[in-house]
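This report examines strand pairing, aromatic contacts and cysteine geometry in one protein model. The sequence and coordinates appear below.

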Amino acid sequence: MKKYVLLTVLAALVLMLVSNGIAMAEIIPPYGMGQIGYHGAVLCQELTVRKAPDTSSKAVKTLKCGDFILVIEQEDGWAYLTQSDAEDEDPVGWVNADYIVVDPAWYRTEGSTPVYAWDDTSAPKVALLGADKTLPILRDEGDWLLVSLRGAVGWIHCRGAR
């Protein structure tokens with residue numbers, strides 16, 4: 001009987017946390033400088049990679065939102081990058097640094113996680129994430145995190161999830 005009561009209380013507590021929009025998650029700190037460069041991610045829907053740091057330079061590849069990258073260097077608003085940490089792999093090219101995030105902390109969901117339009121649980125929900133989604137954190141406001149979502153942003157309530 002005691003076991004049943006304990007399980008009921010635990011289930012009610014989990015239900016209360018989920019219904020209050022409190023996300024359970026893992027916060028992964030920034031990696032820092034690696035062997036090749038800094039880890040990062042693409043923030044916009046599509047990002048053109050160019051041969052040189054200039055908008056008139058030849059396009060060599062297109063990256064998609066959420067693609068992981070390694071930034072080798074940054075110069076005048078441009079980032080020189082690769083997508084592999086293999087030392088024998090050639091760098092991909094240059095991208096406008098306004099559309100990437102470099103060396104962010106990461107948010108990994110452990111279960112159903114609501115994402116809000118602004119930092120308030122009464123705000124409209126813009127997404128509902130499933131388990132094991134990893135997103136770059138753009139800003140940390142204590143109980144709230146601003147994360148990148150396929151070319152958009154949203155707020156996750158994370159009180160007690162750290």
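How many bridges join strand 12 to strand 13, and do these strands run parallel or antiparallel? Strand 12 (residues 134-140) and strand 13 are joined by three bridges, and the two run antiparallel.

**Model and overall composition**

The model is predicted. Its pLDDT averages 83 over the protein, and 80% of the residues reach at least 70. Residues 1-21 have a pLDDT below 50, and this stretch makes seven contacts in the model beyond near neighbours in sequence. The secondary structure comprises one helix and 14 strands. Of the 162 residues in the protein, 36% are buried. Among contacts between residues at least 6 apart in sequence, 50% join residues at least 24 apart. The exposed area is about 9600 Å², of which carbon and sulfur atoms supply 53%.

**Strand 13 and its partners**

Six of the six residues of strand 13 are buried, so the strand is largely enclosed by the rest of the structure. In a regular strand, side chains alternate between the two faces of the sheet. In strand 13, Trp144, Leu146 and Ser148 point one way, while Leu145, Val147 and Leu149 point the other way; all are buried.

On the strand 12 side, Ile137 stands opposite Val147 of strand 13. The hairpin formed by strand 12 and strand 13 has three residues between the strands, and Gly142 adopts a positive phi near 80° there.

Strand 13 also pairs with strand 14 (residues 152-157), through six bridges in an antiparallel arrangement. Here Leu146 stands opposite Trp155 in strand 14. Two residues separate the strands in this second hairpin, where Arg150 takes a positive phi near 35°.

**Aromatic pairs**

A search of the whole structure finds three aromatic pairs. Two of them are described here, beginning with Tyr80 and Trp94.

| Pair | Distance between ring centres | Angle between planes | Geometry |
|---|---|---|---|
| Tyr80 and Trp94 | 4.8 Å | 35° | tilted |
| Tyr116 and Trp144 | 5.7 Å | 75° | edge-to-face |

The angle of 35° between the rings of Tyr80 and Trp94 makes that pair tilted, because planes under 30 degrees apart would count as stacked and those over 60 as edge-to-face. Tyr80 belongs to strand 6 (residues 78-82) and Trp94 to strand 7 (residues 93-96), so this pair links distant parts of the chain, 14 residues apart. Tyr80 has a relative accessibility of 23% and counts as partly exposed, whereas Trp94 is buried at 9%.

For Tyr116 and Trp144, the planes stand at 75°, so the pair is edge-to-face. Tyr116 lies in strand 10 (residues 113-116) and Trp144 in strand 13 (residues 144-149), so the pair ties together parts that are 28 residues apart in sequence. Both Tyr116 and Trp144 are buried.

**Cysteines**

Why do Cys44 and Cys65 not form a bond? The sulfur of Cys44 lies 7.1 Å from that of Cys65, its closest cysteine sulfur, which is too far for a bond. A disulfide requires the two sulfur atoms to be within 2.5 Å. The relation holds from the other side, as Cys44 contains the closest cysteine sulfur to Cys65. Across the whole structure, the search finds zero disulfides. Both residues are nevertheless enclosed by the criterion of accessible area: Cys44 is buried with a relative accessible area of 15%, and Cys65 is buried with 18%.

Methods: Residues numbered from 1 in each chain as written. Heavy atoms only, no water. Phe/Tyr/Trp six-rings, centres within 6.5 Å; stacked < 30°, edge-to-face > 60°. Helix = DSSP H or I, 4+ residues; strand = E, 2+ residues; numbered from the N terminus. Buried < 20%, exposed > 50% of the residue type's maximum accessible area, 1.4 Å probe, protein only. pLDDT = per-residue confidence, 0-100. Contact = heavy atoms within 4.5 Å. Areas by Shrake-Rupley, 256 points an atom, 1.4 Å probe, with all protein chains shown as cover. Pairing = 2+ DSSP bridges.
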